[in-house]
Amino acid sequence: MNFKNQTILITGGAQGIGLSLSEKFSDMGANVVIADKHKGTANIAQKFGGFGYVCDVTQEEQINSFITFAEQTLGAVHCFISNAGTIFVDPDHVASASNKTWELSWNLHVMPHVYATRRLLPGMLDRKYGYFVNTASAAGLLYQIGDAPYSASKAAAISFSEGIAISHGDEGIRSSVICPQYVASNLLGFSNPEDAKNLEGLLSPEVVAEKVFEAMCREEFLILPHPRVQKYLSKKVADYDRWIDGMRKLKKKSIDKRGSAKPLDILHLV
Ligand SMILES: NC(=O)c1ccc[n+]([C@@H]2O[C@H](COP(=O)([O-])OP(=O)(O)OC[C@H]3O[C@@H](n4cnc5c(N)ncnc54)[C@H](O)[C@@H]3O)[C@@H](O)[C@H]2O)c1
């Protein structure tokens, strides 16, 4: 697939992976429109030659307005990258996060993908052409120790992305799901992408964007910027019980060595 002159919408585009993807696609000749809750989104987009729209992606009517803005500005949308997200940390045990946190995780990591697909799919089916890309996480494939709402919602995002591919792949609709492991963005408390150079397994948002772009050109469904995730996933599928044992050992190692098993502790051990 060639993205030159295509209209690509990217949520969570004001920083991190979303911004790097926006810059990459813009460099490759696409017309990029970003949405983010960040007030300076339009100015951020202007810097790479795109358009920006302030929007809370948990609200269906705001996603619809974002898409209408993009269509009125640039015409038909070819590709929607639903990428906005955040992490949580279990306060105590696996079910200890509040209902409010669980609801936010679902409303941020699953429903925006559904809203965008609901709004764009009919037109794309008429044109027999469209591409939906959802940023999930390796946590959705492998579980993020210390963050149950994040892991469960990202697993659901992977399932919904599979649904798009299976239900509409024969009708000209493409679907990919991006499952990075650790990325040096604000989400994990990294303000400098260069930090990725100092920690094994940590990728900069720019490197992730490069890998995602290449995989999308090949129209790959499962996009794994960290190759080792494929290895872990193969082990999980081959022997689920052994994989659970391994994850328990990792949790214990984290508590022994770092005093806790929160997502950022695990980053230093994998
Ligand atoms: N950083 C990682 O290690 C990592 C790993 C795997 C997956 N991911 C996923 O990648 C995606 C991007 O994360 P990132 O690392 O670039 O994080 P980031 O915090 O740098 O960027 C996330 C962006 O989403 C925006 N956003 C959050 N909630 C929003 C809302 N309700 N409406 C509109 N915009 C909203 C934020 O303002 C921010 O600009 C997320 O879905 C995240 O779960 C990140």
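The exercises below go through the sheet of a predicted model and one acidic residue, D90.

**Exercise 1. The sheet**

Find the order of the strands in the open sheet, and state which strands lie at its edges.

Solution.
- Step 1: Strands of a sheet pair through backbone hydrogen bonds, either parallel or antiparallel.
- Step 2: The open sheet here has 7 strands, and the pairing is parallel.
- Step 3: Read across the sheet, the order is 3-2-1-4-5-6-7.
- Step 4: Strand 3 (51-54) and strand 7 (222-223) each pair on one side only, and these are the edge strands.

**Exercise 2. Strand 1**

Describe the pairing of strand 1 with strand 2, then decide whether strand 1 is enclosed or open.

Solution.
- Step 1: Strand 1 pairs with strand 2 (residues 31-36) in the parallel sense, over 5 bridges.
- Step 2: One bridge partner can be named: I8 is matched with V32 of strand 2.
- Step 3: On one side of strand 1, T7, L9 and T11 are buried, and on the other side I8 and I10 are buried.
- Step 4: Since 5 of the 5 residues of strand 1 (residues 7-11) are buried, the strand is largely enclosed by the rest of the structure.

**Exercise 3. Strand 5 and its neighbours**

Locate the partners of V133 on strands 4 and 6, and explain why strand 5 counts as largely enclosed.

Solution.
- Step 1: Strand 5 (residues 130-135) runs parallel to strand 6 (residues 173-178), and 6 bridges join the two.
- Step 2: Strand 4 also runs parallel to strand 5, with 4 bridges between them.
- Step 3: V133 stands opposite S176 in strand 6, and I81 stands opposite V133 in strand 5.
- Step 4: G130, F132 and N134 are buried on one face of strand 5, as are Y131, V133 and T135 on the other.
- Step 5: Strand 5 is largely enclosed by the rest of the structure because 6 of its 6 residues are buried.
- Step 6: Helix 7 (residues 148-168) lies across strand 5 and strand 6, at about 160° to strand 6.

**Exercise 4. D90**

Determine where D90 sits and what its side chain reaches.

Solution.
- Step 1: D90 belongs to the loop between strand 4 (79-82) and helix 4 (99-109).
- Step 2: D90 is buried, and the nearest side chain of opposite charge is that of K262, 8.5 Å away.
- Step 3: A salt bridge requires the charged atoms to be within 4 Å, and D90 has none.
- Step 4: The D90 side chain does reach the backbone nitrogen of D147, at 3.3 Å.
- Step 5: Leaving out residues up to four places away in sequence, D90 touches S96, G146, D147, A148, P149 and K262.

Terms used. Residues are numbered from 1 along each chain as its sequence is written. This is a predicted model: local features need pLDDT of at least 70, side-chain atom pairs count only at pLDDT 80 or more; totals for chains, interfaces and linings use all residues. Side-chain values use heavy atoms; hydrogens and water are left out. Two strands pair if DSSP finds at least two bridges between them. Contact means heavy atoms within 4.5 Å. Axes are lines fitted to C-alpha atoms, for helices over the stretch in contact, and angles run from 0 to 180 degrees between N-to-C directions. Buried means under 20% relative accessible area, exposed over 50%, partly exposed in between (1.4 Å probe, protein chains only). Lys and Arg count as positive and Asp and Glu as negative; His and the chain ends are not counted. A polar contact is a pair of N or O atoms within 3.5 Å; within protein, one must be able to donate a hydrogen and the other to accept it, and residues adjacent in sequence count only if both atoms are side-chain atoms.
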